[in-house]
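Q: I have not looked at this one before. Can you walk me through it?

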Amino acid sequence: MLDDLLARFRQKDRRALARLVSLVARGDAPPSLWERLGPAPGPSRVVALTGSAGVGKSSLTGRLIETLRRRGLTVAVLACDPQSPISGGALLGDRLRMPSHPDDGLFIRSLATEGGHGAVAPRLADLIRLVEAFGFDIILVETVGAGQGDTAIHGLADVVVLLLQPETGDDIQWEKAGILEIADVFVIHKADLPGAERLEADVRANLRLLHPQPPPVLRVSAKTGEGIEPLWEAIAACPRRRTAAAADRGLLRHAQELLAEWFAAAARRHDPHLEELLAQWRHGGHQAGDAVGRLLAQAAAELMAIPRPERSAESLAATSPDGSASPAPSSHPAVPSPPHP
Ligand SMILES: Nc1nc2c(ncn2[C@@H]2O[C@H](COP(=O)(O)OP(=O)(O)OP(=O)(O)O)[C@@H](O)[C@H]2O)c(=O)[nH]1
Ligand SMILES: [Mg+2]
């Protein structure tokens, strides 16, 4: 069954995607799914919209979908919904429904948050990985701003957009611990309502205290369409957080693999320096930090002394600055290309 699903998934069959999303969301996906899925065709931009219940996240998601589809970008929506496990357009309100003629560039799924991290559905990271492997340009994630869940989404999304609305009578809606720190873009939503200007001034003043270079603050209304295009411009201008972090981890992984490879080779050829160090280590002659320092120094001296242009070029090429895997196949089995972030 999985074979068939994966074959159809690779042919961009959205029904197969929907089935796999259900499997993963329920925690029923076999572990082998991930290696068989293969790398994503390209990194998606994951954009999280967060904010209190009723602030207009779904309505704004609907507007963003229109803007993105007009630009020819494909969009997946994962809506973390505390109440409803039902899928589809009802969640997005009257303004946006699932297209009756399936739009191949759009996939919408609502996910129950029960059992997840506050506002975030369980297994959201895997679900993002799955829809990314399908090849969507943009993944929009709706989460209810519930403090803890907001922090969880920070590591999963490239860009976190926080929605605030005027005159809720809830003065501390945006002063919750941590929320100002994690958002990359601030939306004063329902800007058609009175009080938007004052809220914007308040938010800007607070952000200036926190950040030397405050993030963008935009007035937006899903109702009138005000500010939608500038909002997308601001989101698109944010660096891809996931990819930078993945590239950094990739460098560390390369270093670990190279060290392990050197260690195995030196042991095989009975390198006298290594054997001496190991003998002392076995007899408790070194503290761990000291022994590690000597080991690294030996490895570094050898690795730096031997010119290996093909290896260093390969290592660098394996992770391009945007974090994507190099198309050039690695000829060095010990230094594999990093998996797609
Ligand atoms: N005045 C005004 N009302 C809006 C705007 N956007 C959404 N609303 C209204 O706000 C209410 C909540 O909108 P949703 O889009 O469902 O908000 P949400 O944040 O997704 O809500 P939850 O998913 O329940 O947390 C609805 O009654 C919308 O019609 C806006 O720009 N201006
Ligand atoms: Mg909603």
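**The sheet and a helix**

A: Seven strands (DSSP E runs of at least two residues, numbered from the N terminus) form an open, parallel sheet in the order β3-β2-β4-β1-β5-β6-β7. Two strands pair if DSSP finds at least two bridges between them. The model is predicted: local features need pLDDT of at least 70, side-chain atom pairs count only at pLDDT 80 or more, and totals for chains, interfaces and linings use all residues. Residues are numbered from 1 along each chain as its sequence is written.

Q: Which strands stand at the edges?

A: β3 (106–112) and β7 (217–219) do; each has a single partner strand, so one side of each is left without a neighbour in the sheet.

Q: How many bridges join β2 to β3?

A: Seven bridges join β2 (residues 75–81) to β3. Leu78 has Arg109 in β3 as its bridge partner.

Q: Which helix packs on the sheet there?

A: Helix α5 (residues 124–134) does, touching β1 (45–51), β2, β3 and β4 (138–144). Helices are DSSP H or I runs of at least four residues.

Q: Is α5 buried or exposed?

A: Nine of its 11 residues are buried, so α5 is largely enclosed by the rest of the structure. Buried means that 20 or more other C-beta atoms, placed from the backbone, lie within 10 Å of the residue's own. Among the buried residues of α5 are Leu127, Arg129 and Glu132.

Q: What follows α5?

A: Gly135, with a positive phi near 105°.

Q: And the whole chain: how many helices and strands?

A: There are 13 helices and seven strands. Buried residues make up 33% of the 341 residues.

How values were computed. Chains lettered and ligands numbered in written order. Buried ≥ 20, exposed ≤ 12 C-beta atoms within 10 Å, placed from the backbone. Contact = placed C-beta atoms within 7 Å. Axes fitted to C-alpha atoms, helices over the stretch in contact; angles between N-to-C directions.
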